[in-house]
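Today I am going through the salt bridges of this chain, one pair at a time. Here is what I have open on the screen.

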Amino acid sequence: MSDTKDTGGNTGGRKPLTVARKSSGTVKQSFSHGRSKQVVVETKKRRSVGPSGSAAAPGGDASKAASDSLEARLVATAKKLGITVNELKARQKALYERKQEEASRAKEEQTQKAAQDRLRSEQEKKLQEVKEREEAEARRKAEEEARKVEEAAAKERADRAPKARGKTDAAAPAATPPVDDSPARAKRGKSGRDDRDRASRDSQNRSSRGGGGGGERRRGKLTISSALGDDADRQRSLASLRRARERERERRTGGNDQREKMSVEVTLPETITLQDLAQRMNERVGDVVKFMIQQGEMLRGNDIIDADTAELIAEEFGHTVKRVSEADVEIGLEGGEDDAKDLKPRAPIVTIMGHVDHGKTSLLDALRKTDVVAGEAGGITQHIGAYQVKLKSGDKITFLDTPGHAAFTAMRARGATATDIAILVVAADDSVMPQTIESINHAKAAGVPIIVAVNKSDLPDANADKVLTDLLQHDVQVESMGGSTQAVKVSALTGAGLDELTDAITLQAELLELKANPARPADGTVIESQLDKGRGPVATVLVKRGTLKRGDIVVAGAQWGKVRALVDERGQQLKDAGPSLPVEVLGLDGAPDPGDQFVVVDTEARAREVTEYRVRQKRQVSGKAGAAARASLDQLLSKLKDGSVETSELPVVVKGDVQGSVEAISQSLDKISTDEVRARVIHGAVGGISESDVLLAQSSEAPIFAFNVRANKQARDLAEKEGVEIRYYSVIYDLIDDVKSTLSGMLAPEKRETFIGYAEILEVFNITKVGKVAGCRVSEGKVLRGCGVRLLRDDVVIHEGKLKTLKRFKDEVIEVSSGMECGMAFERYDDMRVGDKIECFQVEEIARSLE
């Protein structure tokens with residue numbers, strides 16, 4: 001080690017550790033008391049840094065290689081997804097921002113929850129303090145009442161004492177001669193008074209030092225001074241004081257009971273527990289339980305009784321009763337009416353209705369400048385589509401597209417009830433069709449105005465006048481024919497007449513003066529619902545009033561949840577949705593039924609209460625339906641025993657992509673069912689096919705019909721193992737046709753009888769081991785072996801059966817023609833006589849089919 005100059009200031013008397021250039025890399029470190037230590041010093045080569053501040057060449061090459069590798073991975077991933085690298089980076093950036101936003105939202109919710117917990121604890125603390133103050137005040141009043149009672153008793157004793165002493169002094173001279181002991185008596189009296197004064201002062205001092213409790217406890221004790229003193233100055237015992245306090249407490253409690261037992265109005269639901277009933281009557285639970293025991297009912301406080309029993313109990317205790325229904329939980333759910341000054345104009349809700357393949361969706365495509373038909377299987381609309389279109393003038397129109405196929409009657413009805421204006425699309429080359437008439441009826445039942453759109457007016461064989469004339473038969477009069485219904489000729493293909501159609505819609509909306517209050521809790525209608533694999537239950541809703549926001553607690557039918565996201569028809573996320581805006585809602589605990597009303601409630605407790613009531617109602621309705629089905633099954637079994645009817649049943653399991661499709665399939669299967677054969681949907685739900693569906697189908701021996709859904713791998717393997725048939729469909733026509741053909745095969749064939757000939761019995765022979773054989777002559781037609789026969793006696797049928805034997809001479813023959821003789825024997829019948837006539841016929845079975 002070499003010495004160096006101290007350039008760094010004072011080091012505390014110890015030289016810094018240094019290593020010579022040519023040293024071995026160890027230094028000796030010295031400590032106090034002669035201790036030392038060898039320390040190995042590692043010298044590292046300083047890294048050279050370039051002008052730009054980056055590392056030297058090797059590090060730079062590594063960084064560049066890593067960057068190239070990352071870029072290559074990005075390119076490969078983008079190519080795999082079919083997008084560009086910039087789009088991939090944008091997606092990753094959006095995902096990162098989404099995660100950051102969720103993290104900040106979770107942190108904000110946690111902060112709000114902590115603030116709520118802190119506020120709740122403060123409120124509980126304040127309530128506890130108020131309760132303690134009230135209890136202290138009650139104790140103070142009780143002690144004051146006891147003190148007053150004790151003072152009154154002491155005063156009464158003090159008033160009685162002089163009278164008692166006077167009587168004793170008057171009686172003393174008569175009993176004994178007078179003795180002059182006044183000095184001793186004065187001395188004793190003075191001594192006794194001094195002792196009593198001293199004891200009183202001690203008691204007051206103890207009371208002032210340790211509170212009034214000690215003096216009160218010692219006041220009734222027997223002391224020497226009290227024993228030597230007069231009886232009038234003796235104090236009450238502790239037991240007597242306790243009894244007086246108990247009597248005073250009972251008196252006050254009795255007064256409170258009289259005050260509390262005033263008649264109150266008791267609100268009774270359909271069921272209630274004894275404990276809850278006692279609380280509502282301001283009675284003790286023990287009294288109510290004792291009353292029930294006296295009536296012979298051994299009940300406890302948490303046992304449930306019905307409203308009639310509760311009413312009897314309340315009337316017995318002297319209270320009045322107000323009966324309420326369980327359905328009262330829905331009272332006030334939708335809120336009150338809006339003030340006229342809060343109403344603002346909203347976009348009209350327009351439903352496009354009409355017959356199948358008349359161009360409804362194509363017309364909507366032309367308005368939206370998009371192609372929705374390409375996404376629909378078979379070119380027909382399977383669901384209700386809800387879209388909002390912004391016109392060139394800035395006005396907005398919300399469109400609902402309904403299916404036109406006959407299976408979707410319920411969807412058209414829902415679309416008509418949720419709309420303001422109905423556009424009736426009629427093809428100019430096809431005129432009025434069955435679903436056109438049904439759409440007119442739905443619109444009239446809903447009370448909405450109709451605008452007739454004569455589509456396909458660009459075709460050569462288009463005849464718009466015929467369409468308008470045919471509509472007169474169904475009470476739809478257009479303006480050109482003296483009516484009030486607007487009619488517009490349009491072409492979805494060329495775009496002709498679209499401006500006139502939008503102008504007609506805007507004019508009709510102005511006449512209706514459509515307004516809504518956006519500054520209130522939202523409510524509206526569920527248009528469609530489905531179970532998405534990645535997003536869970538998704539409901540398409542149409543807001544009628546108010547503004548639906550993220551975080552709102554929504555009740556939709558028998559489902560509820562907190563809105564996690566709002567998505568419009570373009571896939572964009574929204575923070576809120578105003579009136580007349582259709583959106584997809586995520587966050588519900590299940591898929592609600594289409595057509596259900598949704599409302600926003602204040603608390604989760606209210607939402608849970610309403611949904612639990614609705615679930616119970618659904619269960620009761622399904623139970624009644626099951627009972628009715630069992631009753632009808634009993635009737636069916638009785639008919640089967642009588643032989644009056646024979647019914648075959650085809651059980652099926654239906655799984656669809658949306659609730660509306662499952663509903664349409666179930667209704668269509670009910671319609672094609674007959675008294676002889678019917679298709680029964682044992683399970684219909686939304687979502688893909690799972691293993692539980694396969695097990696249900698296997699136990700019920702039913703096929704699975706999948707409409708726009710697929711089975712997962714486990715379900716496919718299980719179905720193959722158990723032999724369960726899974727059929728996939730994307731068009732409802734094909735599904736209904738397959739079920740119809742299957743039911744047709746289950747129909748019993750039609751039996752058709754064909755006459756073939758007559759034979760007359762000439763002689764009857766009794767042959768051993770064979771029985772009776774009739775010798776006959778064929779008088780008309782022919783006789784075939786195994787054909788059906790009827791035995792006629794005096795032109796009355798006495799037997800119908802089958803021909804067992806047909807012989808000519810001794811040979812068995814197949815056929816005997818007219819004019820020839822033969823021998824016949826019947827199956828399990830031998831009462832044949834000469835002169836009887838035999839009618840021969842054949843029965844043909846003809847296959848039947850459902851129309």
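**Entry 1, the count.** I started with the total, and the structure holds 28 salt bridges. I keep in mind that this is a predicted model. I picked three pairs for a look at where their partners sit.

**Entry 2, a pair within one helix.** My first pick was E144 with R140, whose side chains meet in a salt bridge with an N to O distance of 3.3 Å. Where do E144 and R140 lie? I found both in helix α2, which spans residues 85–175. They are four residues apart there, about one turn of the helix. I then checked exposure: E144 has a relative accessible area of 28% and is partly exposed. R140 is partly exposed as well, at 42%. I also noted that this pair belongs to a network of salt bridges linking E137, R140, E144 and K148.

**Entry 3, a helix and a strand.** Next I looked up D308 and R323, which form a salt bridge with the closest N and O atoms 3.2 Å apart. This pair links distant parts of the chain, with D308 in helix α9 (residues 307–316) and R323 in strand β6 (residues 320–323). The two are 15 residues apart. For D308 I read a relative accessible area of 48%, so I logged D308 as partly exposed. R323 comes to 43% and is partly exposed too.

**Entry 4, two strands.** My last pair was R545 and D523, a salt bridge in which the closest N and O atoms are 2.6 Å apart. R545 lies in strand β16 (residues 536–545) and D523 in strand β15 (residues 523–532), so the pair ties together parts that are 22 residues apart in sequence. Is D523 buried or exposed? Its relative accessibility is 7%, so I filed D523 as buried, the cut-off for buried being under 20%.

**Entry 5, the whole chain.** I closed with some totals as a backdrop for the pairs. The protein chain has 19 helices and 35 strands. Of its 851 residues, 35% are buried. I also looked at contacts with a separation of 6 or more: residues 24 or more positions apart account for 67% of them. The accessible surface of the protein chain comes to about 52600 Å². Carbon and sulfur atoms hold 49% of that surface.

Note on methods:
Residues numbered from 1 in each chain as written. Predicted model: local features only at pLDDT ≥ 70, side-chain atom pairs only at ≥ 80, totals over all residues. Heavy atoms only, no water. Buried < 20%, exposed > 50% of the residue type's maximum accessible area, 1.4 Å probe, protein only. Contact = heavy atoms within 4.5 Å. Areas by Shrake-Rupley, 256 points an atom, 1.4 Å probe, with all protein chains shown as cover.
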